Amino acid sequence: MRTVGATYEAAPARAAAGTHTISTDEKTGIQALERLHPPLAMRPGHIERLEFEYVRHGTQCLIGNFEVATGQVLTPSVGPTRTEEDFAAHIAQTLATDPAGEWIFVVDQLNTHQSEALVRLVAAECGLAADLGVKGKAGLLASMASRKAFLEQTSHRIRFVYTPKHSSWLNQIEIWFGMLVRRVLKRGSFTSVDELRERLLAFIAYFNTALAKPFKWTYKGRPLTV
């Protein structure tokens, strides 16, 4: 927890020096729900009321990046799945916005965040020619623990900081996902997954233009009491 807090605290100074600090995660199972009937309009003494019956048109997964120092949401990926390859491709398209830059990604400990594809991507982007081994057998690819240790190395131009298990609230993008739910999804009606995807991307573009600002993060890693 202290490591994550220190990463956020150092983000503005690192940004001034050219290093990106990115909070990254997936929001899965976003449903394209179409209301069967229009809502009842607001009138004196009554709030707007939504139709409770709906038709499902499928789901999408959003992989998002929240830039800690600026509050911008960068290079979102929206698609039907969240596989190991999907996540590695998302990181690759993010790196492509500044191919020579330094990157720190704050992520949780999902297996796709410690995958073979991700290790191979980081090794290639950092110009590391060492033998990576064989997944499940030997070398850096042998296990999730060995892959995580490689991805965490502070000597790399691209590295990952992992939140502790059961501590998803430490990942700043979870706060932004809450904003997305309240402003777009909770009261939305979508006739298709294509419309859902377009609305998600349109909100992100609007957010970056009109609403983006860094979160005021005050938690330093102290144990919480109940």
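**Reading a predicted model: questions and conclusions**

Modeller: In this predicted model, strand β2, which covers residues 54-67, runs antiparallel to β3, and the two are joined over 5 bridges.

Colleague: What makes β2 and β3 a pair?

Modeller: Two strands pair if at least two bridges are found between them, and β2 and β3 have 5 bridges, so they count as paired, in the antiparallel sense. Within this pairing, Phe66 stands opposite Val73 of β3. In general, strands of a sheet pair through backbone hydrogen bonds, either parallel or antiparallel.

Colleague: Where does this pair sit in the sheet, and what is the order of the strands?

Modeller: The sheet is open and has 5 strands in the order β3-β2-β1-β4-β5, with mixed pairing.

Colleague: Why are β3 and β5 called edge strands?

Modeller: Strand β3, residues 73-79, and strand β5, residues 158-162, each pair on one side only, and that is what marks them as the edges. Between neighbouring strands of this sheet the average turn is 25°, with direction ignored.

Colleague: Gly79 belongs to strand β3; why is Gly79 called buried or exposed?

Modeller: The relative accessibility of Gly79 is 14%, and buried means under 20%, so Gly79 counts as buried. The C-alpha atom of Gly79 is separated by 20 Å from that of Thr97, a residue 18 positions away along the chain.

Colleague: How do you know whether Cys61 is buried or exposed?

Modeller: Cys61 has a relative accessibility of 4%, which falls under 20%, and therefore Cys61 counts as buried.

Colleague: And what is Cys126 called, by the same rule?

Modeller: Cys126 has a relative accessible area of 21%, and because buried requires a value under 20% and exposed a value over 50%, Cys126 is partly exposed. Over the protein chain, buried residues make up 39% of the 226 residues.

Colleague: How many disulfides are there, and how do you know?

Modeller: A disulfide is a covalent bond between the sulfur atoms of two cysteines. The rule asks for a pair of cysteine sulfur atoms within 2.5 Å, and by this rule the count is 0 disulfides.

Colleague: What makes up the lining of the largest pocket?

Modeller: The largest pocket holds about 180 Å³ of space and is lined by 13 residues, with Tyr8, Glu9, Pro12, Phe215 and Trp217 lying nearest its centre. By class, the lining has 8 nonpolar, 3 polar and 2 charged residues.

Colleague: Which elements does the whole chain contain?

Modeller: The protein chain has 6 helices and 5 strands, and from the N terminus on they follow the order α-β-β-β-α-β-α-α-β-α-α.

Note on methods
Residues are numbered from 1 along each chain as its sequence is written. This is a predicted model: local features need pLDDT of at least 70, side-chain atom pairs count only at pLDDT 80 or more; totals for chains, interfaces and linings use all residues. Side-chain values use heavy atoms; hydrogens and water are left out. On a 1 Å grid over the protein atoms alone, a cavity is a set of points where a 1.4 Å probe fits but cannot get out, and a pocket is an open set with protein on both sides within 12 Å along at least five of seven lines; lining residues have an atom within 4 Å of a point. Grid points are joined across faces, edges and corners, and a volume is the space filled by probe spheres set on the points. Ala, Val, Leu, Ile, Met, Phe, Trp, Tyr, Cys and Pro count as nonpolar, Asp, Glu, Lys and Arg as charged, and the others, Gly among them, as polar. Buried means under 20% relative accessible area, exposed over 50%, partly exposed in between (1.4 Å probe, protein chains only). Helices (H or I, at least four residues) and strands (E, at least two) are DSSP runs, numbered from the N terminus. Axes are lines fitted to C-alpha atoms, for helices over the stretch in contact, and angles run from 0 to 180 degrees between N-to-C directions.
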